Amino acid sequence: MTGLLGACSVGPHYRPEHVALPGHYHEDEASDKDFRPQELVQWWQQFHDPILDRLILLVFDANHDIRATAQRVLVAHALRDIEASQWYPQIDFSSQNGDLMKSTSLSNAMPHIDELPRDPHASMLSYGFGASWQIDLFGRIGHQVDARDKIIAQAQENRHAIMLTVLAEIARNYMTLRGTQHRLAIIDQHIVTAGHLHDRAIRLQQAGVGNTLHVAQTASLLHAQQSQRAVLCKTISQSMHALEILVGRLPGDLRTELASTLPLPHVPPAPETLPVRLLRHRPDIRRAERAYAQAMDDIGTEVAGMYPDLVLPLTYNPNASTFSQLFAAGAQAWQALAMTSLPLGHGGQQQARVRSAQAIAEAGRLKYHQQILTALREVEDAIVAWNGKKTHVSLLHQAARQSRLANQRSRRLYEAGISDLLNVLETEQSALRAEDTELCAHIDWLHRTVDLHVALGSGWESRS
């Protein structure tokens, strides 16, 4: 029925917008491997960390932001059904019963019949049905319903975008937690070493072969490292709290599970042979495309407003003073009309509405194109960042290894009386700085891996 009534639909209809995409990413290295989409759908599994996998499952089921967006999708469906209800007759029932009293003080209020005045008091019983049917001759309602369908799709893509954001936050916070725990373990080792140096300096000073300068220098090193430890402990607690809130738990609920220092998640290789067409899978691009489609339907709604509007009002409303009379032929009252309205002169208001809708649609089309360009840039940047961080971590690993060797050798020379304490303190600080910098870079490399998958728009489809 709705298809028949919309046969005379006016206004433009959306057609998928064609956007030319490059054949491949400029920064993507060519590979002969076949693309395997499952690598992107559940990309977190490539880190080979069962606790991270479990947190991801908890996020899908318990995160309040994700659950709230699901409710917004239901709201969009309900609003669409409200618009679609205009296609059908609107039927209402009403009834009245009670007493009426008319004034007798007005000279013409009570007409006389055969010189006998009528009783000013009356009882009234009434019931009725009212129906109104708006015939969608020119597709105004159809365009409104189609626009609501596009809004539903946008709400779904908003939900997908929130899912992608929460997934990335879980992964980043988990990697920060594990990396910081390893940083804490390293600085604890250096604190032990600094404590030994400080104790040695005190003993030498008490034995008369050392001096207060060495005691002050070793104390400074020890206190500096202890202060760094306090900062790392704060970061660990904050990362735990973030993870707990993301999975819908109270702060402290997962501390037992997360407190143990476990190996850092494995850094997977970058996805091979990434087809550029996958960009259309990103929630933000899909949302922009649906927004443009909605704007086209809004044009149709405004154009249909320039054409006649046909409404069929029907009423059935019997009236009587007693129940026995209510169903008599004389008490029956009804009305059946066909009402047509056409805007003739409103100072160009409707034409202005059409122009406004057209401009909004064109802006939506341009935004859709810009969203694709932005996504291309984000993927290219993510590939560059991942490759650059891989090289960076490799070089820092070599630097940290050499710094540890230098620190070990300087301590041996100092203990043998060949080198002075200043050299030991310098190599100790250098080794700690190199090891901490390497770990920070490794954490950042893990984050860049997550960023790459976010740029590709992957992950939400696993539980859409």
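Select Asp99 and Ser123 to begin, since Asp99 stands opposite Ser123 in strand S4. The model in the viewer is predicted, so local features need pLDDT of at least 70 and side-chain atom pairs count only at pLDDT 80 or more, while totals for chains, interfaces and linings use all residues. Residues are numbered from 1 along each chain as its sequence is written, and side-chain values use heavy atoms, with hydrogens and water left out.

Now widen the selection to strands S1 (residues 90–101) and S4 (residues 121–135), which run antiparallel and are joined by twelve bridges. Here strands (E, at least two residues) and helices (H or I, at least four) are DSSP runs numbered from the N terminus, and two strands pair if DSSP finds at least two bridges between them.

Next, stay on S4 and add strand S6 (residues 319–320), which pairs with S4 in the antiparallel sense over two bridges; within this pairing, Leu125 stands opposite Ala320.

Then add strand S5 (residues 309–316), which pairs with S4, again in the antiparallel sense, over seven bridges. Two places to click along this pairing are Ala131, which stands opposite Leu314, and Ile135, which stands opposite Leu310.

From S5, the path leads on to two further strands. Strand S7 (residues 334–336) runs antiparallel to S5 and is joined to S5 by three bridges, with Ala336 as the bridge partner of Leu314. Strand S8 (residues 339–341) also pairs with S5 in the antiparallel sense, over three bridges, and Asp309 stands opposite Ser341 there.

Return to S1 and S4 for a pair of aromatic rings, and select Phe93 and Phe129. Rings of Phe, Tyr and Trp (its six-membered ring) pair if their centres lie within 6.5 Å, and planes under 30 degrees apart count as stacked, over 60 as edge-to-face and the rest as tilted. By this rule the count comes to nine aromatic pairs. In one of them, the rings of Phe93 and Phe129 have centres 5.2 Å apart and planes at 55°, so the pair is tilted. Because Phe93 lies in S1 and Phe129 in S4, the pair ties together parts that are 36 residues apart in sequence. Phe93 is exposed, with a relative accessible area of 53%, whereas Phe129 is partly exposed at 42%; buried means under 20% relative accessible area, exposed over 50% and partly exposed in between, for a 1.4 Å probe and protein chains only.

For further rings, select Trp43, Trp44, Phe47 and Phe60, which ring pairs link into a cluster.

Move next to Lys389, which lies in helix H9 (residues 349–415) and counts as buried because its relative accessibility is 14%. Leaving aside residues up to four places away in sequence, Lys389 touches Ala441, Asp444, Trp445 and Arg448, where contact means heavy atoms within 4.5 Å.

Finish at the second largest pocket, which holds about 260 Å³ of space. Of the 20 residues that line this pocket, the closest to its centre are Arg140, Ala304, Gly305, Tyr307 and Asp309. The elements that give two or more residues to the lining are S4, helix H5 (140–207), helix H8 (283–304) and S5. A pocket is an open set of points on a 1 Å grid over the protein atoms alone, where a 1.4 Å probe fits, with protein on both sides within 12 Å along at least five of seven lines, and lining residues have an atom within 4 Å of a point; the volume is the space filled by probe spheres set on the points, which are joined across faces, edges and corners.
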